[in-house]
Amino acid sequence: MNELVFSWYRSQGLEVTRSRAYRKNDQAWVEQKNGAIVRRLVGYGRFVGAEATAALIRLYDSVRLHVNLFQPSFKLREKTRIGARVIKRYHPPVPPIERVLAHLEVAEIDKERLRAMLATRTR
């Protein structure tokens with residue numbers, strides 16, 4: 001990370017951390033989304049040219065909203081350790097957009113912007 005990015009983080013009051021201790025391959029979890037989302041939609045072929053780029057941009061724009069806002073996901077409720085066994089219990093799956101709109105600490109103006117964006121996307 002360069003000094004410019006590092007100083008911006010500090011000025012915003014953000015904590016600068018590295019990946020988790022003893023987990024040097026953490027980025028693989030992010031990169032697996034390439035296979036789970038991108039490759040499933042467009043395959044492994046090579047796309048060349050302005051038309052292909054424009055089509056992929058439109059596709060990713062829609063898919064990004066679906067995956068990040070509407071695709072239900074589990075959220076961990078509790079984790080209990082009994083000896084070496086770990087028991088995890090989850091809340092029922094809910095789309096992330098519902099969590100954001102229901103969260104009390106999210107500013108109302110941000111919720112309105114999100115609703116407006118959704119209204120323009122669903123037309």
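A residue counts as partly exposed when its relative accessible area falls between the buried class, under 20%, and the exposed class, over 50%. Glu78, at 34% relative accessibility, is therefore partly exposed. The structure in which this residue sits is a predicted model, and its overall layout makes a convenient starting point.

The secondary structure of the chain comes to five helices and two strands. Read from the N terminus, these elements follow the order α-α-α-β-β-α-α. Of the 123 residues of the chain, 12% count as buried.

Helix H3, which covers residues 50-70, is a good place to look more closely. Its 21 residues reach 29 Å from the first C-alpha to the last, close to the 30 Å expected at 1.5 Å a residue. The buried residues of H3 are Ala52, Leu56, Val63, Leu65, Val67 and Leu69. One of them, Val67, also appears at the largest pocket, where it is among the lining residues that lie nearest the centre, together with Ala36, Ile37, Arg40 and Gln71. This pocket holds about 230 Å³ of space and is lined by 10 residues in total. Helix H2 (27-42) and H3 are the elements that give two or more residues to the lining. Of the elements, H2 gives the most, with five residues.

Beyond H3 the chain enters the loop that leads to strand S1 (76-82), and Phe74 is found in this loop. Phe74 is exposed, because its relative accessible area is 58% and the cut-off for that class is over 50%. Together with Leu76 and Tyr90, Phe74 forms a nonpolar patch on the surface, and the three residues have about 320 Å² of accessible area together.

Charged side chains come next. The structure holds five salt bridges. In one of them, the side chains of Arg89 and Glu78 meet at 4.0 Å, N to O. Arg89 lies in strand S2 (residues 85-90) and Glu78 in strand S1, so this pair ties together parts that are 11 residues apart in sequence. Like Glu78, which is partly exposed at 34%, Arg89 counts as partly exposed, with 43% relative accessibility.

Helix H5 (residues 108-121) offers another setting for such contacts. Here Arg113 forms a salt bridge with Asp110, and the closest N and O atoms are 3.5 Å apart. The two residues are three places apart in H5, so about one helical turn separates them. An α-helix has 3.6 residues a turn, so residues three or four places apart point the same way. Arg113 is exposed, with a relative accessible area of 60%, whereas Asp110 is partly exposed, at 34%.

The side chains of Arg115 and Glu112 also meet in a salt bridge, at 2.7 Å from N to O. These two residues are likewise three apart in helix H5, which means that about one helical turn lies between them. Arg115 is partly exposed at 36% relative accessible area, and Glu112 is partly exposed at 42%. Salt bridges that share partners bring Glu108 into the picture as well, joining Glu108, Glu112 and Arg115 into one network.

Note on methods:
Residues numbered from 1 in each chain as written. Predicted model: local features only at pLDDT ≥ 70, side-chain atom pairs only at ≥ 80, totals over all residues. Heavy atoms only, no water. Helix = DSSP H or I, 4+ residues; strand = E, 2+ residues; numbered from the N terminus. Expected span 1.5 Å × (residues − 1). Buried < 20%, exposed > 50% of the residue type's maximum accessible area, 1.4 Å probe, protein only. Patch = residues over 30% accessible without salt bridge, like charges linked within 9 Å, V, L, I, M, F, W, Y side chains within 5 Å. Areas by Shrake-Rupley, 256 points an atom, 1.4 Å probe, with all protein chains shown as cover. 1 Å grid on protein atoms, 1.4 Å probe; cavity = no way out; pocket = protein on both sides within 12 Å on 5 of 7 lines; lining within 4 Å. Points joined across faces, edges and corners; volume = space filled by probe spheres on them.
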